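Student: I should like to examine this structure by way of its buried residues, its sheet and its internal spaces. May we begin?

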Amino acid sequence: MHGPAARVASGASCRPPFYAILLISAAALAYEVLLIRLFSIIQWHHFAYMVISLALLGYGASGSFVTLLRARLLADFPKAFLLNAILFGLSAAVCFLLAQRLPFNTLELFWDPAQMGYLALAYLLLFIPFFFAANCICLSFARFGKTIPRIYGFDLVGAGLGALGIVALLYLLAPPDALRAVAAVGCTAAAISALELQSRARWSGAVPSLLLALIVWLLPGQWFALQSSQYKALNQTLQIGGTRILEQHSSPLGLVTLLESPNIPLRLAEGLSLNNRVEPPPQLGLFTDGDAPTPITQYRGERASLEYLDYQTSALPFHLQQPRRILILGMGGGSSILQAEYHAVPEIHAVELNPWLPQLLQDSYADFAGWRWLQRRAVLHTGEARSFVDTDQRRYDLIQMSLLDAASATSGGVHGLSENYLYTVEAIGAYLQRLQPGGLLSITRWMKLPPRDGLRLFATAVAALRLNGFDNPGNHLLLIRSWNTTTLVIKNGAVETAEIGALLAFCKARAFDIPYYPGMPGDHRANRYNILPEPYFHQGAIALLGEHAADFIDRYKFDITPTSDDRPYFFNFFKWRTLPEISSRYRRGGFSLLELGYPVLVLTLMQAVAASLLLVLLPLRFLKSERSGSDKKAHWRILGYFFVIGLAYLFIEIAFIQKLSLFLAHPVHAVAVVISGFLVFSGIGSLTAGRIPPERGRRYLKLLLLLICAVAAGYLWLLPMLLASLGNPALPLKVAAALLLIAPLAFCMGMPFPLGLSAVAHSHPMLVPWAWGINGCASLISAVLASLLAIHWGFNSVILIALALYLSTIWFYPTARTHTS
C-alpha cells in the first residue's frame with residue numbers, strides 16, 4: 001500500500017481521543033442549548049428554533065464530507081481532529097457574533113425578499129460550528145472502526161454532561177460569558193486530543209490550543225455584547241428620553257431587566273377601563289428577554305392610590321365575593337398582589353417561577369414596592385405554578401392568573417411551538433380541586449381578534465367542568481372583556497343571582513362587555529362598549545356550550561380545540577384551510593392574522609428534509625459499488641436502519657421530557673435532567689454494546705427492541721401512577737427518581753446505533769461516515785416532526801410511533817460480514 005492509505009494503516013495502533021471526544025460533544029450540545037437562550041434574547045424563540053434546527057444539519061453534512069474525503073482526512077488523523085476542534089471553538093463565538101449583526105427581522109419575513117437572504121446567511125453561519133464538531137466524531141468513527149461503541153459512548157456521555165453543565169453555567173454566567181466558555185472548551189478539547197493521540201509533536205499542538213482557549217476567555221466583554229431586535233418592547237421603551245436600566249439578572253429562565261423612566265412615567269396597566277380616572281403611581285418596568293413588560297408599582301400603604309387596579313377586568317372576582325384567602329399564579333411585578341391588597345384580602349399567596357422577582361419585591365426594591373405593608377398578609381412562593389397547585393394542601397376562595405405572557409408574543413403567535421401546562425383540561429381540574437366550595441378561578445388573557453385563545457380557554461373550561469362532574473358547565477362560567485383583555489371566571493358551584501347582579505354593575509361602571517353569563521337574554525350586553533363587527537365572543541361561548549360544539553370547533557377558522565396534558569399546545573391556533581384566505585389579504589396586513597409557530601415548524605421540516613436528501617444522496621453519486629465494496633441493497637439497508645434509529649430515539653426522548661416536566665416541577669430542570677439522563681445512560685449502553693461481537697449484533701438487537709418496546713409501553717400506562725405514588729419529595733429526590741425511571745429505557749436505546757455502525761465498519765467501512773450523517777439528518781428531522789405529531793395526535797401517539805419504528809429496524813440491520821479489500 002502506498003500514499004494516504006498506507007499512512008492510515010501505519011497508525012493503526014493509535015488510541016482514540018476519548019476524552020477530547022467527550023469534551024467536544026459536551027461543548028457542541030452546550031452550544032446548541034445556549035444558542036436557543038441567546039436568540040430568545042436578541043430575536044424571538046421561534047426564530048431560534050428554526051435557525052438552530054437547520055444549523056444542526058452540520059452533522060449530516062459532516063457525514064457526506066468525511067465519506068467523500070475519507071482517505072485524505074484519515075491520512076493524518078491527529079492533525080485533522082485537532083484542526084476541527086480548534087475551528088469549532090473559534091467559529092462557535094465568531095459565527096454567532098456575525099449572525100446577530102445581520103439586519104434580519106422575522107416580522108418582515110413574508111413581505112421583504114431580502115429577509116430570506118439574511119435568513120440563509122444565518123443558517124450558513126450557525127451551520128459551521130456544528131459541522132466542525134461533527135467532523136471530530138465522524139473522523140473518529142471512520143478511523144477507529146473496532147472501537148465504535150466506546151467512541152459513541154464517550155460522545156453521548158459528553159453530550160449529556162454538556163446539557164446539564166450549560167444549565168448550571170447559565171445560573172453563574174450571563175449568556176455572552178457562557179458563549180466564551182463554550183468556545184474555550186472547544187479549544188481545550190483540541191489540546192487534549194493532541195496529548196491523547198501521542199504524536200511526536202503533541203506539545204506543539206496542545207500548547208497553542210490552550211493559549212487560544214485562554215485568549216478566547218480573556219477577550220473584552222463588549223465584543224460579545226448582545227444586540228436585540230429593535231422591535232422588542234425593551235428597545236422600544238429605551239427610546240424614551242431619560243430611560244435607564246437599573247438592574248439585569250440572567251438565568252436559564254431568562255434575562256430579566258428592570259428599568260425606570262423618570263421623565264415620561266411608565267403606564268403599565270393592561271386592559272384598563274376607559275372610565276378610569278385614577279392615575280397609577282410611579283412604576284418600574286420589568287422585561288424578560290427584552291419583552292413581556294410588567295410593572296413594579298410604588299406603594300406607600302395608601303390603598304386609595306391603587307384604585308386604578310379596580311378598573312381592570314381581573315378585578316371582577318373581588319366584586320362577586322369577598323375572598324379571605326387567594327392564590328396568585330405568576331405574580332410578575334406584583335400587580336395582582338396590589339389588587340388583592342386594595343380589596344383588603346387577609347391572606348395572599350403568590351407563586352413565581354423566577355426567584356429573582358420575589359427578591360426584588362422583598363429586598364432590593366422593598367421600600368418602593370411597599371413590602372413593609374404587604375408582608376403582613378402576603379406570602380411569596382418560588383416554584384412552577386401548576387406543580388405548586390398539584391402539591392399544595394391549602395384551599396382557596398380565589399385562584400387568579402393574569403396575563404402570564406406578553407401581548408406582543410401572543411399577537412405574533414411565537415408561543416405556538418411551546419408546550420404550556422397552565423391552560424389544559426387537567427390543569428383547570430387541578431385548580432378547581434384547590435378551591436373552597438363556591439370558590440372562584442379567574443383567568444385573564446389578552447384579547448385577540450378574530451377570537452382565538454379566549455374561545456379556546458372557554459372550550460377548555462367547559463371540557464374540564466364536564467370531566468369533573470359538572471353536568472351543566474354554563475351555570476359555572478362568566479366571561480367579560482375590555483378593549484384588549486378578557487377575563488373568564490369559573491366557579492366551583494353554580495353562579496348565583498346576586499353574583500350576576502354584581503357582574504352587571506361592575507361591567508356597567510367600567511364599560512366592559514359581557515359575552516356570557518348564565519341565563520343571558522340575548523347579546524345586547526356582549527357588544528355595547530368596545531364594539532366589534534359582530535359579538536364574536538358571545539356567539540362562540542353559546543356555540544361551545546351547545547349540542548353542536550364539536551361541529552363549531554371543526555368549522556371555526558382557527559384551532560380552538562380544548563388542550564390537554566398530552567397535547568398542551570394552547571397557543572397553536574393554526575388551521576391549513578385558513579391559510580389561503582390570510583395569504584390573499586397579506587398586502588392589506590392579513591399576515592398579522594397568521595400564527596407563526598406552526599408554519600415555522602412546517603417550513604423548518606421542509607427545509608430539513610430537502611437538505612437531508614441532498615446530504616444523504618450526494619455521496620452515493622461518487623461512491624461506486626466497486627469502490628465501497630457494497631451494492632445498492634446494502635445502501636438502502638444502511639439508509640433505512642440509521643434513519644429510523646435517529647427518528648425513534650428523539651421521538652421517545654422528547655416525549656419523556658413532556659412526561660416528566662410536571663413531576664420535576666421546573667421546565668428548565670426537566671429538560672436538563674431528561675436530556676442528560678437519556679444521553680448518559682445511552683452512553684453507558686453504548687459502552688456495554690462494545691462487548692457484543694458484530695456477528696451476533698442482529699440477535700442481540702431483537703432482544704433490545706423487545707426490551708425497549710416493553711419498558712416504553714409500560715411507562716406509557718404506568719408512569720402517571722408511579723409518579724403520583726412518589727408524592728412531592730424534595731427536588732434532589734425527584735431528580736434521582738426521574739433518572740432511575742429513565743435509566744433502563746435509555747440504556748437499551750443506546751445500543752442499536754453502535755451495534756449497527758460496528759456492523760457497517762466490518763462489512764462496508766467506506767460507508768461508516770455516511771451512516772453517521774444519515775443518523776444526524778434523521779435526528780434533526782425527528783425533533784421537528786415529533787412536535788408536529790404531538791400537536792395533532794399527542795405525545796402518547798409519538799411514543800407509539802417510535803416503538804413501531806424501532807421494531808422496523810430489524811429488517812434494515814446491516815449484515816456484519818467481514819470486509820475484504
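Student: Is Cys138 buried or exposed?

Tutor: This is a predicted model, in which local features need pLDDT of at least 70, side-chain atom pairs count only at pLDDT 80 or more, and totals for chains, interfaces and linings use all residues. Residues are numbered from 1 along each chain as its sequence is written, and side-chain values use heavy atoms, with hydrogens and water left out. Buried means under 20% relative accessible area, exposed over 50% and partly exposed in between, with a 1.4 Å probe and protein chains only. Cys138 has 0% relative accessibility, so this residue counts as buried.

Student: Why is the sulfur of Cys138 not in a bond with that of Cys136?

Tutor: A disulfide is a covalent bond between the sulfur atoms of two cysteines; here it is counted as a pair of cysteine sulfur atoms within 2.5 Å. The closest cysteine sulfur to that of Cys138 belongs to Cys136, and it is too far for a bond because the distance is 10 Å.

Student: How many disulfides does a search of the whole structure find, and how far from Cys748 is the nearest cysteine sulfur?

Tutor: The search finds zero disulfides. Cys748 is buried, at 9% relative accessibility. Cys748 is in no disulfide, and the nearest cysteine sulfur, that of Cys709, lies at 11 Å.

Student: Which residues does Ser140 contact, apart from its neighbours within four places in sequence?

Tutor: Ser140 is found in helix 7 (residues 114-143); helices (H or I, at least four residues) and strands (E, at least two) are DSSP runs, numbered from the N terminus. Ser140 is buried, with a relative accessible area of 0%. With contact meaning heavy atoms within 4.5 Å, the partners of Ser140 are Ile21, Phe77, Phe81 and Ile151.

Student: What is the order of the strands in the open sheet of eight strands?

Tutor: Two strands pair if DSSP finds at least two bridges between them. The pairing in this sheet is mixed. Strand 7 (378-382) and strand 12 each have a single partner strand, so one side of each is left without a neighbour in the sheet. The full order is 7-6-5-8-9-11-10-12.

Student: Why is strand 10 largely enclosed by the rest of the structure?

Tutor: On one side of strand 10, Leu477, Leu479 and Arg481 are buried, and on the other side Leu478 and Ile480 are buried. In a regular strand the side chains alternate between the two faces of the sheet. Strand 10 (residues 477-481) is largely enclosed because its buried residues number five of the five.

Student: Which residue in strand 11 stands opposite Ile480?

Tutor: Strand 10 and strand 11 (residues 485-491) run antiparallel and are joined by five bridges. They form a hairpin with three residues between them. Leu478 stands opposite Val489, while the residue opposite Ile480 is Thr487.

Student: Which residue in strand 12 stands opposite Leu479?

Tutor: Strand 12 (residues 513-516) is antiparallel to strand 10, with two bridges joining them. Opposite Leu479 stands Tyr516.

Student: How much space lies in the largest cavity?

Tutor: On a 1 Å grid over the protein atoms alone, a cavity is a set of points where a 1.4 Å probe fits but cannot get out, and lining residues have an atom within 4 Å of a point. Grid points are joined across faces, edges and corners, and a volume is the space filled by probe spheres set on the points. The structure holds five cavities of 30 Å³ or more. The largest cavity, with Arg456, Asp559 and Ile791 among its lining residues, has a space of about 80 Å³.

Definitions and conventions. 1 Å grid on protein atoms, 1.4 Å probe; cavity = no way out; pocket = protein on both sides within 12 Å on 5 of 7 lines; lining within 4 Å.
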